[in-house]
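Q: Please take a close look at a single part of this model, one helix together with its neighbour and its charged side chains. I would like one connected account of the packing and of the salt bridges.

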Amino acid sequence: MEFHIGELAEKCNVNKETIRYYERLGLIPEPSRTESGYRIYTEKTVDRLNFIKRIQELGFTLNEIDKLLGVVDRDEAKCRDMYDFTVYKIEDIQRKIQDLKRIEQMLIDLKERCPENKDIYECPIIETLLEI
């Protein structure tokens, strides 16, 4: 089955400009064109766009997705490269979790500094944040 860019955008629930942008980045292959210059996409492009969207939902950046697709597109050393990529992403996520835990604790500490009277002129939370 073949799709024009508008049909592909609708099928994958993305903007046409997103498709063009992904082409420029090399995330999806440049499509064939009709004699009048219209892009023609295949079902493989649908699968690839859906894969990219799913990976983005998991928190991967376009740069990481590009690297991941580079591994997927190569025939050799896929398993080793995927393992390394996965280890890197796990470490990245663990760092982010630690950062979020620190932010959470800071906010809890700030909340506890606030008195019951919320109408006071000097806010301890703002004062503390200004000192940081």
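A: In this predicted model, helix 5 and helix 6 are oblique to each other, because their axes cross at roughly 135°, and an angle counts as roughly antiparallel when it is over 145 degrees, as roughly perpendicular from 65 to 115. Helix 5 covers residues 78-113 and helix 6 covers residues 124-131, and the two axes come within 8 Å. On the side of helix 5, the contact is made by L110, K111 and R113, while helix 6 contributes P124, I125, T128 and L129. Sorted by class, this contact of helix 5 with helix 6 has four nonpolar residues, one polar residue and two charged ones.

Helix 5 also carries salt bridges, and the structure holds eight of them. One of these joins the side chains of K89 and D92, with a distance of 3.5 Å from N to O. Both K89 and D92 lie in helix 5, three residues apart, which is about one turn of the helix. K89 counts as buried because its relative accessibility is 5%, under the limit of 20%, and D92 is likewise buried, with a relative accessible area of 11%.

D92 also forms a salt bridge with R95, where the closest N and O atoms are 3.7 Å apart, a distance that falls within the 4 Å allowed for a salt bridge. R95 and D92, too, are both in helix 5 and three residues apart, about one turn of the helix. R95, however, counts as partly exposed, at 44% relative accessibility, whereas D92 is buried. The salt bridges of K89 and R95 with D92 belong to a wider arrangement, since E64, K89, D92, R95 and K96 are linked in a network of salt bridges.

A further pair in helix 5 is R102 and D99, which form a salt bridge with their closest N and O atoms 2.2 Å apart. R102 and D99 are again three residues apart in helix 5, about one turn of the helix. R102 is exposed, because its relative accessible area is 53% and the limit for exposed is over 50%, while D99, at 36% relative accessibility, counts as partly exposed. Set side by side, the pair of K89 and D92 has two buried residues, whereas the pair of R102 and D99 has one exposed residue and one partly exposed residue.

Definitions and conventions. Residues are numbered from 1 along each chain as its sequence is written. This is a predicted model: local features need pLDDT of at least 70, side-chain atom pairs count only at pLDDT 80 or more; totals for chains, interfaces and linings use all residues. Side-chain values use heavy atoms; hydrogens and water are left out. Axes are lines fitted to C-alpha atoms, for helices over the stretch in contact, and angles run from 0 to 180 degrees between N-to-C directions. Helices (H or I, at least four residues) and strands (E, at least two) are DSSP runs, numbered from the N terminus. Angles under 35 degrees count as roughly parallel, over 145 as roughly antiparallel, 65 to 115 as roughly perpendicular and the rest as oblique. Contact means heavy atoms within 4.5 Å. Ala, Val, Leu, Ile, Met, Phe, Trp, Tyr, Cys and Pro count as nonpolar, Asp, Glu, Lys and Arg as charged, and the others, Gly among them, as polar. Buried means under 20% relative accessible area, exposed over 50%, partly exposed in between (1.4 Å probe, protein chains only).
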